[in-house]
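User: Could you walk me through one part of this model in some detail? I'd like to start from a charged group and a ring, then hear about the aromatic residues and the enclosed spaces.

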Amino acid sequence: MSPVSTHSLARTRWLLGPAAVLLFLVGRAPEAQAQSSSPAATVDMTNTLSFAPDTVRVQAGETVRWTNGSVIVHTVTADPEEATTDESVRLPEGTAPFDSGTLDPEERFEHTFEVPGTYRYFCIPHEGAKMYGTVIVTPAE
Amino acid sequence: MTIPLSRFLSSSRPFGQRLLRRGASVLAALALVLMVWAPSAQAQEKMSEKEKQMLAQLQEMNQADGYLEAHRDVQQPMELLGGPLSFTIRQTSGGVFVSLPDNRTLDPDVFGAPDQPLAFTGTPGITGVPVPMRGVSDGQFTQFERMSPFGDKNTTMANGNLMLQATDRTATDAATTEDEVTLKASWEDQDGNTYAIRCCELLVSAGPEFPTFGGVVTNHILHGFTGIGTPLMPTEYTYAAFWGMGAVLKNGEVVDKPRIVHGMLTEYVRGENYKLVSDSEVTPTRRHFHLMVAPFMPVKGEHKFQPKDVATGFELPNGMELPFWHVMFENLEIESQRGE
(Lines give C-alpha, C1' and ligand atoms only; values in the text may rest on other atoms or scores of the structure.)
Protein backbone atom coordinates (compact mmCIF):
# COMPACT_ATOMS: atom_id res chain seq x y z
CA MET A 1 0.00 0.00 0.00
CA SER A 2 1.45 3.31 -1.04
CA PRO A 3 1.17 6.71 0.59
CA VAL A 4 -2.15 8.31 -0.27
CA SER A 5 -1.04 11.90 -0.21
CA THR A 6 2.22 13.54 -1.06
CA HIS A 7 2.06 17.28 -1.01
CA SER A 8 4.79 19.82 -1.57
CA LEU A 9 3.86 23.42 -0.93
CA ALA A 10 6.87 24.49 -2.92
CA ARG A 11 6.01 22.39 -5.91
CA THR A 12 2.35 23.45 -5.86
CA ARG A 13 3.28 27.12 -5.99
CA TRP A 14 5.67 26.48 -8.82
CA LEU A 15 3.25 24.49 -10.92
CA LEU A 16 0.14 26.60 -10.45
CA GLY A 17 1.81 29.98 -10.77
CA PRO A 18 0.35 33.29 -9.58
CA ALA A 19 -3.05 31.89 -8.67
CA ALA A 20 -1.47 29.42 -6.32
CA VAL A 21 0.73 32.12 -4.85
CA LEU A 22 -2.35 34.26 -4.17
CA LEU A 23 -4.05 31.27 -2.62
CA PHE A 24 -0.98 30.64 -0.53
CA LEU A 25 -0.91 34.22 0.70
CA VAL A 26 -4.62 34.43 1.49
CA GLY A 27 -4.89 31.00 3.00
CA ARG A 28 -3.61 27.63 1.97
CA ALA A 29 -5.60 25.20 -0.11
CA PRO A 30 -7.99 23.15 2.01
CA GLU A 31 -6.06 19.92 1.58
CA ALA A 32 -2.76 21.55 2.45
CA GLN A 33 -4.31 23.42 5.34
CA ALA A 34 -5.77 20.24 6.73
CA GLN A 35 -2.38 18.58 6.58
CA SER A 36 -0.50 21.62 7.77
CA SER A 37 -2.66 21.98 10.83
CA SER A 38 -1.87 18.59 12.21
CA PRO A 39 1.50 17.13 11.37
CA ALA A 40 2.35 14.40 13.80
CA ALA A 41 6.01 15.29 13.55
CA THR A 42 8.08 18.15 12.23
CA VAL A 43 11.62 18.01 10.93
CA ASP A 44 13.95 20.93 10.30
CA MET A 45 16.53 20.97 7.53
CA THR A 46 19.64 22.76 8.73
CA ASN A 47 22.68 24.67 7.56
CA THR A 48 24.81 21.91 9.04
CA LEU A 49 23.37 19.37 6.62
CA SER A 50 21.13 17.45 8.93
CA PHE A 51 17.49 16.58 9.37
CA ALA A 52 16.65 17.57 12.92
CA PRO A 53 15.60 15.36 14.53
CA ASP A 54 17.15 12.73 12.31
CA THR A 55 14.56 10.14 13.40
CA VAL A 56 10.85 10.65 14.03
CA ARG A 57 8.08 8.21 14.92
CA VAL A 58 4.52 8.50 13.64
CA GLN A 59 1.53 6.23 13.30
CA ALA A 60 0.16 5.00 9.98
CA GLY A 61 -2.02 7.71 8.45
CA GLU A 62 -0.12 10.53 10.09
CA THR A 63 1.80 13.30 8.39
CA VAL A 64 5.36 14.53 8.76
CA ARG A 65 6.24 18.10 7.86
CA TRP A 66 9.73 19.16 6.82
CA THR A 67 10.75 22.82 6.89
CA ASN A 68 13.88 24.12 5.24
CA GLY A 69 15.14 26.37 8.01
CA SER A 70 18.52 26.83 6.37
CA VAL A 71 19.88 29.13 3.69
CA ILE A 72 20.83 26.10 1.60
CA VAL A 73 18.62 24.25 -0.89
CA HIS A 74 17.62 20.78 0.28
CA THR A 75 15.34 17.92 -0.75
CA VAL A 76 13.43 15.22 1.11
CA THR A 77 13.90 12.18 -1.07
CA ALA A 78 12.98 8.56 -0.57
CA ASP A 79 13.35 7.38 -4.13
CA PRO A 80 15.92 4.70 -4.94
CA GLU A 81 16.19 6.00 -8.49
CA GLU A 82 17.45 9.34 -7.18
CA ALA A 83 19.97 7.77 -4.81
CA THR A 84 23.53 6.91 -5.76
CA THR A 85 24.19 4.63 -2.80
CA ASP A 86 22.04 1.87 -1.35
CA GLU A 87 22.30 3.25 2.18
CA SER A 88 20.50 6.46 1.22
CA VAL A 89 16.99 5.03 0.85
CA ARG A 90 14.98 2.39 2.61
CA LEU A 91 11.29 1.83 2.02
CA PRO A 92 8.87 -0.80 3.36
CA GLU A 93 8.12 -3.37 0.69
CA GLY A 94 5.53 -2.24 -1.82
CA THR A 95 5.70 1.40 -0.83
CA ALA A 96 5.88 4.05 -3.53
CA PRO A 97 8.89 6.37 -3.45
CA PHE A 98 8.46 10.07 -2.73
CA ASP A 99 10.52 13.18 -3.42
CA SER A 100 9.92 16.78 -2.41
CA GLY A 101 11.81 18.27 -5.32
CA THR A 102 13.98 21.28 -4.61
CA LEU A 103 13.09 23.10 -1.39
CA ASP A 104 14.38 26.64 -1.22
CA PRO A 105 14.97 28.30 2.16
CA GLU A 106 11.77 28.51 4.25
CA GLU A 107 9.83 26.16 1.98
CA ARG A 108 8.02 23.14 3.37
CA PHE A 109 7.08 19.65 2.34
CA GLU A 110 4.61 17.22 3.86
CA HIS A 111 4.11 13.53 3.41
CA THR A 112 1.52 11.22 4.92
CA PHE A 113 2.69 7.71 5.72
CA GLU A 114 0.15 4.92 5.28
CA VAL A 115 2.35 1.84 5.46
CA PRO A 116 4.02 0.85 8.73
CA GLY A 117 7.74 0.32 8.58
CA THR A 118 11.04 2.17 8.53
CA TYR A 119 11.64 4.84 5.90
CA ARG A 120 15.13 6.15 5.29
CA TYR A 121 15.42 9.26 3.13
CA PHE A 122 18.10 11.70 2.08
CA CYS A 123 18.83 15.13 0.58
CA ILE A 124 19.91 14.85 -3.05
CA PRO A 125 22.57 17.62 -3.18
CA HIS A 126 23.98 16.52 0.18
CA GLU A 127 23.89 12.77 -0.20
CA GLY A 128 27.69 12.82 -0.18
CA ALA A 129 27.62 14.61 3.18
CA LYS A 130 25.35 11.85 4.49
CA MET A 131 22.34 14.06 5.10
CA TYR A 132 19.98 11.23 5.97
CA GLY A 133 16.80 10.96 8.00
CA THR A 134 14.51 8.20 9.21
CA VAL A 135 10.77 7.96 9.75
CA ILE A 136 9.51 5.01 11.76
CA VAL A 137 5.82 4.33 11.10
CA THR A 138 3.93 2.15 13.55
CA PRO A 139 0.46 0.68 12.99
CA ALA A 140 -2.41 3.00 13.81
CA GLU A 141 -3.82 2.44 17.29
CA MET B 1 65.58 31.12 -17.08
CA THR B 2 63.39 34.11 -16.33
CA ILE B 3 60.02 34.41 -18.02
CA PRO B 4 58.00 37.63 -17.75
CA LEU B 5 54.80 37.26 -15.80
CA SER B 6 52.84 38.29 -18.88
CA ARG B 7 53.84 34.98 -20.44
CA PHE B 8 51.38 33.07 -18.35
CA LEU B 9 48.62 35.64 -18.54
CA SER B 10 46.66 35.29 -21.74
CA SER B 11 43.35 36.62 -22.87
CA SER B 12 40.31 34.37 -22.71
CA ARG B 13 38.93 36.18 -25.76
CA PRO B 14 39.15 34.92 -29.36
CA PHE B 15 42.47 35.25 -31.18
CA GLY B 16 41.74 38.52 -33.02
CA GLN B 17 40.63 40.25 -29.85
CA ARG B 18 43.56 38.77 -28.01
CA LEU B 19 46.06 40.47 -30.31
CA LEU B 20 44.39 43.80 -29.63
CA ARG B 21 44.43 43.09 -25.96
CA ARG B 22 48.03 42.01 -25.73
CA GLY B 23 49.10 45.48 -24.65
CA ALA B 24 46.44 45.55 -21.98
CA SER B 25 47.56 42.13 -20.86
CA VAL B 26 51.09 43.29 -20.27
CA LEU B 27 49.88 46.37 -18.40
CA ALA B 28 47.67 44.22 -16.22
CA ALA B 29 50.56 41.94 -15.45
CA LEU B 30 52.75 44.88 -14.60
CA ALA B 31 50.12 46.30 -12.27
CA LEU B 32 49.78 42.91 -10.65
CA VAL B 33 53.49 42.73 -10.03
CA LEU B 34 53.60 46.18 -8.48
CA MET B 35 50.75 45.27 -6.18
CA VAL B 36 52.29 42.10 -4.84
CA TRP B 37 55.92 43.02 -4.55
CA ALA B 38 55.92 45.28 -1.50
CA PRO B 39 53.93 43.06 0.88
CA SER B 40 56.04 40.16 -0.18
CA ALA B 41 59.23 41.96 0.71
CA GLN B 42 57.83 42.79 4.15
CA ALA B 43 56.78 39.21 4.68
CA GLN B 44 60.16 37.92 3.67
CA GLU B 45 61.92 40.27 6.05
CA LYS B 46 60.09 38.61 8.92
CA MET B 47 61.38 35.18 7.95
CA SER B 48 64.56 33.84 9.48
CA GLU B 49 67.48 33.06 7.20
CA LYS B 50 66.88 29.38 7.77
CA GLU B 51 63.22 29.71 6.77
CA LYS B 52 64.12 31.69 3.67
CA GLN B 53 66.65 29.06 2.71
CA MET B 54 64.13 26.27 3.21
CA LEU B 55 61.48 28.08 1.19
CA ALA B 56 63.87 28.75 -1.69
CA GLN B 57 65.02 25.16 -1.67
CA LEU B 58 61.46 23.80 -1.70
CA GLN B 59 60.51 26.10 -4.56
CA GLU B 60 63.61 25.10 -6.47
CA MET B 61 62.60 21.46 -6.06
CA ASN B 62 59.12 21.98 -7.53
CA GLN B 63 58.48 18.86 -9.59
CA ALA B 64 56.46 20.50 -12.38
CA ASP B 65 59.22 22.92 -13.39
CA GLY B 66 60.56 20.80 -16.25
CA TYR B 67 57.14 20.15 -17.72
CA LEU B 68 56.16 23.80 -17.46
CA GLU B 69 59.43 24.96 -19.01
CA ALA B 70 58.69 22.83 -22.08
CA HIS B 71 55.23 24.38 -22.50
CA ARG B 72 55.11 27.96 -21.34
CA ASP B 73 56.65 29.47 -24.48
CA VAL B 74 54.57 27.52 -26.98
CA GLN B 75 52.93 30.03 -29.30
CA GLN B 76 50.59 27.69 -31.16
CA PRO B 77 49.35 25.10 -28.68
CA MET B 78 47.49 22.00 -29.78
CA GLU B 79 43.72 21.77 -29.49
CA LEU B 80 41.85 19.50 -27.18
CA LEU B 81 41.38 15.99 -28.58
CA GLY B 82 37.90 15.84 -30.05
CA GLY B 83 37.63 19.61 -30.34
CA PRO B 84 36.39 22.32 -28.00
CA LEU B 85 34.22 21.52 -25.03
CA SER B 86 31.89 24.28 -23.82
CA PHE B 87 29.99 24.24 -20.57
CA THR B 88 27.69 26.33 -18.43
CA ILE B 89 27.31 25.94 -14.67
CA ARG B 90 24.60 27.87 -12.81
CA GLN B 91 23.19 28.24 -9.35
CA THR B 92 20.09 30.41 -9.20
CA SER B 93 18.79 29.73 -5.71
CA GLY B 94 19.97 28.65 -2.30
CA GLY B 95 23.03 29.57 -0.34
CA VAL B 96 26.69 28.64 -0.35
CA PHE B 97 29.23 27.13 2.00
CA VAL B 98 32.15 29.39 2.85
CA SER B 99 35.32 27.81 4.20
CA LEU B 100 36.93 29.36 7.26
CA PRO B 101 40.60 29.10 8.27
CA ASP B 102 41.35 25.68 9.69
CA ASN B 103 44.03 23.04 10.17
CA ARG B 104 43.81 20.40 7.46
CA THR B 105 44.03 16.74 8.44
CA LEU B 106 46.85 15.16 6.42
CA ASP B 107 45.95 12.12 4.36
CA PRO B 108 48.75 9.49 4.36
CA ASP B 109 47.87 8.57 0.77
CA VAL B 110 48.86 12.09 -0.25
CA PHE B 111 51.47 13.12 2.35
CA GLY B 112 53.14 9.81 3.17
CA ALA B 113 54.63 9.29 6.61
CA PRO B 114 57.39 11.06 8.54
CA ASP B 115 59.97 8.52 7.42
CA GLN B 116 58.77 8.64 3.78
CA PRO B 117 57.15 12.04 3.24
CA LEU B 118 55.39 13.01 0.03
CA ALA B 119 54.11 16.27 -1.47
CA PHE B 120 56.49 18.68 0.21
CA THR B 121 58.06 20.60 -2.70
CA GLY B 122 57.02 23.94 -4.16
CA THR B 123 55.53 26.96 -2.44
CA PRO B 124 53.95 25.84 0.85
CA GLY B 125 50.19 25.56 0.40
CA ILE B 126 50.36 25.84 -3.39
CA THR B 127 51.95 22.56 -4.42
CA GLY B 128 53.41 21.23 -1.21
CA VAL B 129 53.38 21.16 2.55
CA PRO B 130 56.87 21.33 4.14
CA VAL B 131 57.53 18.53 6.58
CA PRO B 132 58.36 20.92 9.47
CA MET B 133 54.85 22.37 9.11
CA ARG B 134 53.21 18.97 9.70
CA GLY B 135 52.07 17.68 13.04
CA VAL B 136 53.25 14.18 13.97
CA SER B 137 51.77 11.65 16.35
CA ASP B 138 52.40 7.92 16.70
CA GLY B 139 54.63 7.89 13.64
CA GLN B 140 52.02 9.48 11.37
CA PHE B 141 51.40 12.96 10.09
CA THR B 142 48.36 14.50 11.75
CA GLN B 143 47.56 17.95 10.42
CA PHE B 144 48.95 20.98 8.62
CA GLU B 145 50.04 23.18 11.51
CA ARG B 146 49.14 26.40 9.72
CA MET B 147 45.64 27.68 9.10
CA SER B 148 44.59 27.37 5.48
CA PRO B 149 41.43 27.63 3.38
CA PHE B 150 41.31 23.82 3.28
CA GLY B 151 39.68 22.36 6.36
CA ASP B 152 36.43 21.43 8.02
CA LYS B 153 35.35 24.78 9.41
CA ASN B 154 32.80 26.64 7.39
CA THR B 155 29.78 28.88 7.50
CA THR B 156 26.79 29.27 5.24
CA MET B 157 25.73 32.40 3.42
CA ALA B 158 22.46 33.09 1.64
CA ASN B 159 21.48 33.88 -1.93
CA GLY B 160 24.30 32.20 -3.75
CA ASN B 161 24.32 32.95 -7.45
CA LEU B 162 26.70 31.47 -9.96
CA MET B 163 26.98 31.84 -13.71
CA LEU B 164 29.99 30.27 -15.37
CA GLN B 165 30.31 30.00 -19.12
CA ALA B 166 33.54 28.54 -20.43
CA THR B 167 35.16 26.78 -23.34
CA ASP B 168 38.12 24.43 -23.23
CA ARG B 169 39.90 24.54 -26.59
CA THR B 170 43.61 24.69 -25.79
CA ALA B 171 44.96 21.39 -24.53
CA THR B 172 48.24 22.26 -22.86
CA ASP B 173 49.96 25.05 -21.02
CA ALA B 174 51.26 27.59 -23.51
CA ALA B 175 52.10 31.24 -24.07
CA THR B 176 48.67 31.82 -25.58
CA THR B 177 45.28 30.22 -25.21
CA GLU B 178 41.99 29.94 -27.01
CA ASP B 179 40.17 28.95 -23.83
CA GLU B 180 37.44 31.27 -22.59
CA VAL B 181 35.83 31.94 -19.20
CA THR B 182 33.14 34.29 -18.01
CA LEU B 183 32.28 33.99 -14.33
CA LYS B 184 29.91 35.94 -12.11
CA ALA B 185 29.35 34.69 -8.59
CA SER B 186 27.85 36.30 -5.51
CA TRP B 187 26.48 35.57 -2.04
CA GLU B 188 25.27 37.50 1.01
CA ASP B 189 26.18 37.50 4.68
CA GLN B 190 23.60 37.75 7.45
CA ASP B 191 24.03 41.52 7.62
CA GLY B 192 22.99 41.86 4.00
CA ASN B 193 26.44 42.56 2.58
CA THR B 194 26.94 41.14 -0.89
CA TYR B 195 30.24 39.57 -1.90
CA ALA B 196 31.07 38.83 -5.51
CA ILE B 197 33.77 37.49 -7.79
CA ARG B 198 34.17 38.42 -11.45
CA CYS B 199 36.47 36.64 -13.86
CA CYS B 200 38.32 36.37 -16.31
CA GLU B 201 39.65 38.99 -18.69
CA LEU B 202 42.92 37.11 -18.53
CA LEU B 203 43.47 33.39 -18.18
CA VAL B 204 46.51 31.73 -16.66
CA SER B 205 47.54 30.03 -19.90
CA ALA B 206 50.60 28.43 -18.27
CA GLY B 207 50.90 27.81 -14.59
CA PRO B 208 53.83 29.16 -12.59
CA GLU B 209 54.13 26.03 -10.40
CA PHE B 210 51.65 23.52 -11.78
CA PRO B 211 49.91 23.04 -15.14
CA THR B 212 46.80 25.03 -15.94
CA PHE B 213 46.21 23.61 -19.43
CA GLY B 214 45.65 26.93 -21.17
CA GLY B 215 43.49 28.24 -18.34
CA VAL B 216 40.63 25.77 -18.66
CA VAL B 217 40.82 22.02 -18.16
CA THR B 218 38.09 19.44 -18.48
CA ASN B 219 37.78 15.83 -17.37
CA HIS B 220 40.99 15.57 -15.40
CA ILE B 221 42.15 14.73 -11.88
CA LEU B 222 43.36 17.64 -9.74
CA HIS B 223 44.79 18.23 -6.26
CA GLY B 224 45.78 15.53 -3.78
CA PHE B 225 48.56 13.35 -5.13
CA THR B 226 48.42 14.87 -8.63
CA GLY B 227 50.65 17.87 -7.95
CA ILE B 228 48.13 20.01 -9.85
CA GLY B 229 46.94 22.45 -7.23
CA THR B 230 47.31 22.20 -3.50
CA PRO B 231 47.61 18.71 -1.99
CA LEU B 232 45.57 19.99 0.94
CA MET B 233 42.47 19.31 -1.13
CA PRO B 234 41.77 15.63 -1.74
CA THR B 235 42.52 14.06 -5.09
CA GLU B 236 39.34 14.73 -7.01
CA TYR B 237 38.00 14.01 -10.43
CA THR B 238 37.37 17.40 -11.99
CA TYR B 239 34.82 17.78 -14.72
CA ALA B 240 35.93 21.33 -15.42
CA ALA B 241 38.28 23.86 -13.88
CA PHE B 242 39.79 27.24 -14.70
CA TRP B 243 42.43 29.67 -13.47
CA GLY B 244 42.23 33.34 -14.40
CA MET B 245 42.69 36.89 -13.22
CA GLY B 246 39.59 38.41 -11.70
CA ALA B 247 38.20 40.87 -9.20
CA VAL B 248 36.81 40.62 -5.67
CA LEU B 249 33.85 42.84 -4.85
CA LYS B 250 31.89 43.82 -1.76
CA ASN B 251 28.56 45.59 -2.09
CA GLY B 252 29.28 46.29 -5.73
CA GLU B 253 32.69 47.89 -5.16
CA VAL B 254 35.93 46.25 -6.23
CA VAL B 255 37.95 45.58 -3.09
CA ASP B 256 40.77 43.51 -4.56
CA LYS B 257 42.02 43.24 -8.13
CA PRO B 258 43.65 41.54 -9.86
CA ARG B 259 43.52 38.21 -8.05
CA ILE B 260 43.95 34.69 -9.29
CA VAL B 261 40.52 33.09 -9.35
CA HIS B 262 40.19 29.32 -9.56
CA GLY B 263 36.95 27.45 -10.00
CA MET B 264 36.25 23.78 -10.44
CA LEU B 265 33.35 21.38 -10.80
CA THR B 266 34.37 18.19 -9.06
CA GLU B 267 33.10 15.04 -7.49
CA TYR B 268 31.88 15.58 -3.94
CA VAL B 269 34.69 15.92 -1.42
CA ARG B 270 32.78 16.74 1.75
CA GLY B 271 31.50 14.26 4.31
CA GLU B 272 29.33 14.30 7.39
CA ASN B 273 29.17 17.76 9.01
CA TYR B 274 30.79 19.06 5.84
CA LYS B 275 34.15 17.63 6.80
CA LEU B 276 36.74 17.86 4.03
CA VAL B 277 37.35 14.20 3.32
CA SER B 278 40.46 12.19 2.52
CA ASP B 279 41.00 10.53 -0.85
CA SER B 280 39.32 7.27 0.13
CA GLU B 281 36.18 9.06 1.30
CA VAL B 282 35.34 11.05 -1.84
CA THR B 283 31.80 10.56 -3.24
CA PRO B 284 32.26 10.05 -7.00
CA THR B 285 28.52 10.07 -7.72
CA ARG B 286 27.77 13.62 -6.59
CA ARG B 287 29.24 16.93 -7.70
CA HIS B 288 29.77 20.44 -6.42
CA PHE B 289 31.46 23.62 -7.59
CA HIS B 290 34.33 25.26 -5.71
CA LEU B 291 35.32 28.88 -6.17
CA MET B 292 38.67 29.93 -4.80
CA VAL B 293 40.49 33.21 -4.43
CA ALA B 294 43.65 32.05 -2.73
CA PRO B 295 45.88 34.12 -0.41
CA PHE B 296 48.76 33.88 -2.87
CA MET B 297 50.05 35.82 -5.85
CA PRO B 298 52.68 34.97 -8.44
CA VAL B 299 56.16 36.45 -8.11
CA LYS B 300 57.49 38.65 -10.89
CA GLY B 301 59.81 36.87 -13.26
CA GLU B 302 59.84 33.68 -11.22
CA HIS B 303 57.73 30.60 -11.46
CA LYS B 304 56.50 30.55 -7.93
CA PHE B 305 53.94 32.10 -5.62
CA GLN B 306 54.14 34.10 -2.44
CA PRO B 307 51.55 34.72 0.28
CA LYS B 308 49.25 37.71 -0.10
CA ASP B 309 45.95 37.91 1.74
CA VAL B 310 42.80 38.61 -0.21
CA ALA B 311 40.89 41.74 0.76
CA THR B 312 37.50 40.08 1.11
CA GLY B 313 35.82 42.63 3.35
CA PHE B 314 34.28 39.82 5.41
CA GLU B 315 35.03 40.05 9.11
CA LEU B 316 35.58 36.88 11.13
CA PRO B 317 34.25 36.59 14.70
CA ASN B 318 37.74 37.38 16.04
CA GLY B 319 37.71 40.71 14.20
CA MET B 320 40.19 39.62 11.54
CA GLU B 321 39.31 39.84 7.87
CA LEU B 322 38.81 36.52 6.11
CA PRO B 323 41.99 36.37 4.01
CA PHE B 324 40.60 34.22 1.17
CA TRP B 325 37.41 33.09 -0.48
CA HIS B 326 36.78 29.37 -0.75
CA VAL B 327 33.11 29.01 -1.59
CA MET B 328 31.11 25.94 -2.53
CA PHE B 329 27.96 25.98 -4.68
CA GLU B 330 25.85 22.81 -4.55
CA ASN B 331 22.49 23.54 -6.16
CA LEU B 332 23.76 23.33 -9.71
CA GLU B 333 22.45 23.25 -13.24
CA ILE B 334 25.10 21.95 -15.61
CA GLU B 335 25.13 21.94 -19.41
CA SER B 336 27.92 20.99 -21.77
CA GLN B 337 28.54 20.38 -25.45
CA ARG B 338 31.31 19.40 -27.82
CA GLY B 339 32.12 21.56 -30.82
CA GLU B 340 31.95 25.26 -31.59
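Over the ring of which residue does the charged end of Arg287(B) sit, and how far is it from the centre of that ring?

Analyst: Happy to. Bear in mind throughout that this is a predicted model. The ring belongs to Tyr239(B): the charged end of Arg287(B) sits over it, 4.7 Å from the ring centre. Chain B has another arrangement of this kind, with the charged end of Arg134(B) placed over the ring of Phe141(B), again at 4.7 Å from the centre.

From there we can turn to rings that meet other rings. Over all chains, the structure contains 17 aromatic pairs. One of them joins Phe51(A) and Tyr121(A): the ring centres are 4.6 Å apart and the planes make an angle of 70°, so this pair is edge-to-face, the cut-off for that class being over 60 degrees. Phe51(A) belongs to strand E3 (residues 51-52) of chain A and Tyr121(A) to strand E9 (residues 117-122) of chain A, so their pairing ties together parts that lie 70 residues apart in sequence. Both partners are hidden from solvent by the accessibility criterion. Phe51(A) counts as buried because its relative accessible area of 2% is under 20%, and Tyr121(A) is buried too, at 1%.

Tyr121(A) has a further partner in Trp66(A): this pair is also edge-to-face, with 5.3 Å from centre to centre and 80° between the planes. Here too the link spans distant parts of the chain, since Trp66(A) is in strand E5 (residues 62-68) of chain A and Tyr121(A) in strand E9 of chain A, 55 residues away. Trp66(A) is buried as well, with a relative accessibility of 0%. If you step back, these residues belong to a cluster: ring pairs connect Phe51(A), Trp66(A), Phe98(A), Phe109(A), Phe113(A), Tyr119(A) and Tyr121(A).

Now to the enclosed spaces. Searching the whole structure gives four cavities of 30 Å³ or more. The largest has a volume of about 320 Å³. It is lined by 23 residues, and those closest to its centre are Ile126(B), Phe210(B), His262(B), Met292(B) and Ala294(B). Two elements of chain B give two or more residues to this lining, strand E13 (253-268) and strand E14 (283-293), and E13(B) contributes the most, with three. In character, the lining comprises 15 nonpolar residues, eight polar ones and no charged ones.

The second largest cavity has a volume of about 40 Å³. Its lining draws on both chains: Ile72(A), Val73(A) and His126(A) come from chain A, while Gln91(B), Ser93(B), Gly94(B), Gly95(B), Phe97(B), Glu330(B) and Asn331(B) come from chain B. This lining divides into three nonpolar, six polar and one charged.

One more aromatic residue brings us back to Ile126(B). Phe296(B) is found in strand E15 (residues 296-298) of chain B. Phe296(B) is buried because its relative accessibility, 15%, falls under 20%. Setting aside neighbours within four places in sequence, Phe296(B) touches Thr123(B), Pro124(B), Gly125(B), Ile126(B), Arg259(B), Phe305(B), Gln306(B), Pro307(B) and Lys308(B). Among these, Thr123(B) is 173 residues from Phe296(B) along the chain, yet their C-alpha atoms are separated by 9.7 Å.

How values were computed:
Residues are numbered from 1 along each chain as its sequence is written. Chains are lettered from A and ligands numbered from 1 in the order in which they are written. This is a predicted model: local features need pLDDT of at least 70, side-chain atom pairs count only at pLDDT 80 or more; totals for chains, interfaces and linings use all residues. Side-chain values use heavy atoms; hydrogens and water are left out. On a 1 Å grid over the protein atoms alone, a cavity is a set of points where a 1.4 Å probe fits but cannot get out, and a pocket is an open set with protein on both sides within 12 Å along at least five of seven lines; lining residues have an atom within 4 Å of a point. Grid points are joined across faces, edges and corners, and a volume is the space filled by probe spheres set on the points. Helices (H or I, at least four residues) and strands (E, at least two) are DSSP runs, numbered from the N terminus. Ala, Val, Leu, Ile, Met, Phe, Trp, Tyr, Cys and Pro count as nonpolar, Asp, Glu, Lys and Arg as charged, and the others, Gly among them, as polar. Rings of Phe, Tyr and Trp (its six-membered ring) pair if their centres lie within 6.5 Å; planes under 30 degrees apart count as stacked, over 60 as edge-to-face and the rest as tilted. Buried means under 20% relative accessible area, exposed over 50%, partly exposed in between (1.4 Å probe, protein chains only). A charge sits over a ring if NZ of Lys or CZ of Arg is within 6 Å of the ring centre and within 35 degrees of the ring normal. Contact means heavy atoms within 4.5 Å.
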